[in-house]
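User: Please take a close look at one part, the helix that carries several charged residues and whatever it is linked to, and then place that part among the other charged contacts. I am new to this structure, so please explain each term as you go.

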Amino acid sequence: MRETLVLNASFEPLSTVTLRRAVVLVLQEKAVVEQAHPELRVRAATVELPMPRVIRLSRYVRVPFRRRAPWSRRGVLVRDRHRCAYCGRRATTVDHVVPRSRGGGDTWLNTVASCAEDNHRKADRTPEQAGMRLLRTPYEPSPSDALVLALGGTGRGALPDWLPVPA
């Protein structure tokens, strides 16, 4: 299912919604299309509009301040762009730098994307004990960075040039 980025009236990323919800918001004039798919259009009996990739709300919505992005396995894979932190190949699993059995938790700074082979090879050890080194240091993305990363996981072309993308 296609995801559409929702921006606040101040161009702050808020969330993602389904294509259907995005079209409803535009038709109800609660949002405007900021970026659309170049060749795809949504057609109905009396309406035709571009298929939205990014929409902006017409009115500002006050959002409670979120200090941290919620941790998830999918979030770690997206943050690391589905690349293994040990060898750089395609990652399918999440590895704990400090194993859970040794007190390591499910946190942004303790988990990295990993291929199944390296995850199995490292096993219940730290990278130093296993003789492996991390290619990238894990970091905690801000809530808006996590949202933009989730949408930009398929490539930079999916997002508008004016929207900053985290490194």
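Analyst: **Helix H3 and its charged residues**

Lys 122 is buried, and Asp 95 is buried as well, where buried stands for a relative accessible area under 20%, exposed for one over 50%, and partly exposed for what lies in between, computed with a 1.4 Å probe on protein chains only. The model is a predicted one, in which local features need a pLDDT of at least 70 and side-chain atom pairs count only at pLDDT 80 or more, whereas totals for chains, interfaces and linings use all residues. Residues are numbered from 1 along each chain as its sequence is written, and side-chain values rest on heavy atoms, with hydrogens and water left out.

Lys 122 and Asp 95 form a salt bridge, their closest N and O atoms being 3.4 Å apart. Lys 122 lies in helix H3 and Asp 95 in strand E5 (residues 93–96), so the pair ties together parts that are 27 residues apart in sequence. Two terms need their cut-offs here: a salt bridge is a side-chain nitrogen of Lys or Arg within 4 Å of a carboxyl oxygen of Asp or Glu, while helices (H or I, at least four residues) and strands (E, at least two) are DSSP runs numbered from the N terminus.

Helix H3 covers residues 116–122, and His 120 is found in it. His 120 counts as exposed, because its relative accessibility is 68%. His 120 and Asp 95 are 25 residues apart in sequence, and their C-alpha atoms are 9.3 Å apart in space.

A further salt bridge joins Asp 118 to Arg 121, with 3.2 Å between the closest N and O atoms. Both of these residues lie in helix H3, 3 residues apart, which is about one turn of the helix. With a relative accessibility of 5%, Asp 118 counts as buried, whereas Arg 121, at 47%, counts as partly exposed.

To place the helix among the other charged contacts, a search of the whole structure finds 8 salt bridges. One of them pairs Arg 68 with Glu 140, where the closest N and O atoms are 2.9 Å apart. Arg 68 lies in the loop between strand E4 (48–57) and helix H2 (73–79), and Glu 140 in the loop between helix H4 (127–130) and helix H5 (143–152), so this pair ties together parts that are 72 residues apart in sequence. Arg 68 is exposed, with a relative accessible area of 57%, whereas Glu 140 is partly exposed, with 29%. Elsewhere, Arg 41, Arg 43 and Glu 48 are linked in a network of salt bridges.

A charge can also be placed over a ring, which is counted if NZ of Lys or CZ of Arg is within 6 Å of the ring centre and within 35 degrees of the ring normal. Arg 79 lies over the face of Tyr 139 in this way, at 5.6 Å from the ring centre.

Two further charged residues deserve a look for their backbone. Most residues other than glycine have a negative phi. Glu 29, however, has a positive phi near 60 degrees; Glu 29 is found in the loop between helix H1 (19–27) and strand E3 (31–43), and it counts as exposed at 65% relative accessibility. Arg 81 has a positive phi too, of about 55 degrees, although it is not a glycine. Arg 81 has its place in the loop between H2 and E5 and, at 41% relative accessibility, counts as partly exposed.
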